[in-house]
Amino acid sequence: MKNELHADRILIVDFGSQVTQLIARRVRESGVYCEIHPFNAVTAQSIRQFGPKGIILSGGPASVTEAETPRAPQELFDLGLPVFGICYGEQTMVAQMGGDVTLSDHREFGRAHVDIVGDCVLFEGVWKTGENHQVWMSHGDRIDRLPDGFRTVASTATAPYAAIANDDRRFYAVQFHPEVVHTPDGARLISNFTHRVCGCGGDWTMAAFKDEAIEKVRSQVGSGRVICGLSGGVDSSVVAVLLHEAIGDQLTCVFVDHGLMRMNEADEVVTLFRDHYNIPLVHKDASEMFLGKLTGVSDPETKRKIIGGLFIDVFEAEARAVGGADFLAQGTLYPDVIESVSFTGGPSVTIKSHHNVGGLPERMNMQLVEPLRELFKDEVRELGRELGLPDSFVGRHPFPGPGLAIRMPGAIQPENLDILRKADAIYLDEIRKAGLYDEIWQAFAVLLPVQTVGVMGDARTYDYVCALRAVTSTDGMTADIYPFTMEFLGRVTSRIINQVQGINRVVYDCTSKPPGTIEWE
């Protein structure tokens with residue numbers, strides 16, 4: 001049912017791009033509610049039922065020139081709604097409306113510059129005819145002929161139809177990706193589509209999302225009981241507070257200490273939820289079980305799957321212990337899902353699995369409650385503030401569900417966990433003392449399965465290497481390294497080596513995402 005708070009809404013048709021969710025992020029930033037639906041589930045009937053004011057066609061990895069590749073339903077172009085095609089979305093729009101698309105000999109990947117050759121409502125207040133602007137390209141197909149009624153409004157040397165418009169039908173398309181940060185004006189172009197073309201008012205807010213999420217939870221859960229897996233991170237904490245506001249004492253939180261938490265983290269989580277929120281909380285120390293099952297396991301995917309499986313086992317046991325539960329709540333986010341398997345069922349590529357993605361085993365008679373599944377991390381933080389969580393907690397850096405297991409490459413040795421905890425605590429302490437914590441998206445230490453020769457007190461040492469990681473990001477989908485000064489890195493290194501027995505060398509990870517991921521495993 002359409003919530004009146006979300007009367008203005010945009011439908012995003014997903015063709016499998018890894019950055020489709022960034023389109024949703026930009027639309028929401030413009031104050032407009034949106035949803036992503038897979039191309040193969042979109043029909044004229046489903047569009048009418050959803051009731052969008054406009055439609056955005058996403059990018060995707062396929063080529064329009066090949067048979068059996070994704071297409072928008074042909075009826076989509078006959079509904080009288082504005083349509084905005086992005087990259088593959090432009091190509092399939094052109095092909096389906098009678099234009100010509102071919103495989104180009106000159107592909108464009110990365111930064112490019114477009115020449116603005118015509119006025120367009122998408123460009124109002126942003127770009128003017130005759131100007132040249134940076135965009136982000138990622139395509140191999142080329143448009144050779146436009147359908148009737150279209151005109152060119154931007155071009156590059158190798159993409160003569162980099163932006164096109166059919167003003168009468170309110171159809172617009174671009175070959176580049178306005179949703180990524182590498183197209184500096186991209187968010188404003190998308191806002192022009194949602195507001196100037198589609199006539200959306202921009203009334204959707206995180207307060208509105210909170211209200212709708214609470215109603216959805218109440219509708220899904222009814223009088224059932226919910227058990228919430230509380231990891232101590234921002235995501236699961238926001239889920240817990242949201243659920244408590246929605247269903248009160250129907251909720252029981254379970255905090256599983258798997259022995260892979262950061263220093264003092266378990267005490268902080270228990271204190272916050274028992275003392276500050278008075279939410280029913282079961283604190284389960286399962287560290288021996290987790291560490292026992294992880295003994296000798298070095299493959300990162302296997303570690304993740306073991307941890308995910310054990311989490312389910314513990315939740316199942318605790319659900320029985322509290323008298324049964326009908327639902328399991330999790331803090332699953334969009335970036336978790338897209339890196340595991342396409343949220344929409346599209347052809348995106350699996351990067352790594354996440355312990356809280358993929359559903360429940362058939363033996364469990366519980367359904368999942370995942371109210372944050374379509375949110376990015378910064379949106380979750382905004383929601384947390386709406387729910388009254390303290391800034392000191394909402395602003396915490398992301399911490400992965402598998403914990404320190406994926407910050408210790410190779411087989412986990414319990415005695416080395418304390419080494420890693422101490423190094424990580426020193427690193428974060430120095431970041432806070434320098435006033436840098438809120439500038440950084442995520443920072444942590446990694447204990448490498450590598451020992452090197454060192455000299456301490458005129459004696460030879462043969463100890464572990466500690467890697468430091470710090471990145472800036474807006475959504476977790478891409479990330480750049482944080483540019484610490486050498487003075488700061490030297491100070492942290494000195495403290496770690498002098499105060500943490502077992503480490504004699506510290507290095508700094510300078511890899512962006514992509515090509516690396518933020519976590520090491």
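Contact here means heavy atoms within 4.5 Å. The model is predicted. Helix α5, residues 206–221, lies across β10 (226–230), β13 (327–329) and β14. The helix runs at about 165° to β14.

These strands belong to an open sheet of 5 strands. The order is β12-β11-β10-β13-β14, and the pairing is parallel. The edges are formed by β12 (281–285) and β14 (367–369), each of which pairs on one side only. From one strand to the next, the twist averages 25°. In general, strands of a sheet pair through backbone hydrogen bonds, either parallel or antiparallel.

At the β12 edge, the partner strand is β11, residues 251–257. The two pair in the parallel sense over 5 bridges. One bridge links F255 to H283 in β12. A second helix, α9 (residues 300–321), lies across β10, β11, β12 and β13. Helix α9 runs at about 135° to β11.

The chain as a whole contains 14 helices and 18 strands. Its C-alpha atoms fill a box of roughly 75 × 60 × 40 Å along the principal axes. The radius of gyration is 25 Å. A compact globule of 521 residues would have a value near 24 Å, so the chain agrees with that expectation.

Of the 521 residues, 59% count as buried. The chain exposes about 21200 Å², and carbon and sulfur atoms supply 48% of this area. Contacts were also examined by sequence separation. Among those between residues at least 6 apart in sequence, 74% join residues at least 24 apart.

Notes. Residues numbered from 1 in each chain as written. Predicted model: local features only at pLDDT ≥ 70, side-chain atom pairs only at ≥ 80, totals over all residues. Heavy atoms only, no water. Pairing = 2+ DSSP bridges. Helix = DSSP H or I, 4+ residues; strand = E, 2+ residues; numbered from the N terminus. Axes fitted to C-alpha atoms, helices over the stretch in contact; angles between N-to-C directions. Rg over C-alpha atoms; globule rule 2.2 N^0.38 Å. Buried < 20%, exposed > 50% of the residue type's maximum accessible area, 1.4 Å probe, protein only. Areas by Shrake-Rupley, 256 points an atom, 1.4 Å probe, with all protein chains shown as cover.
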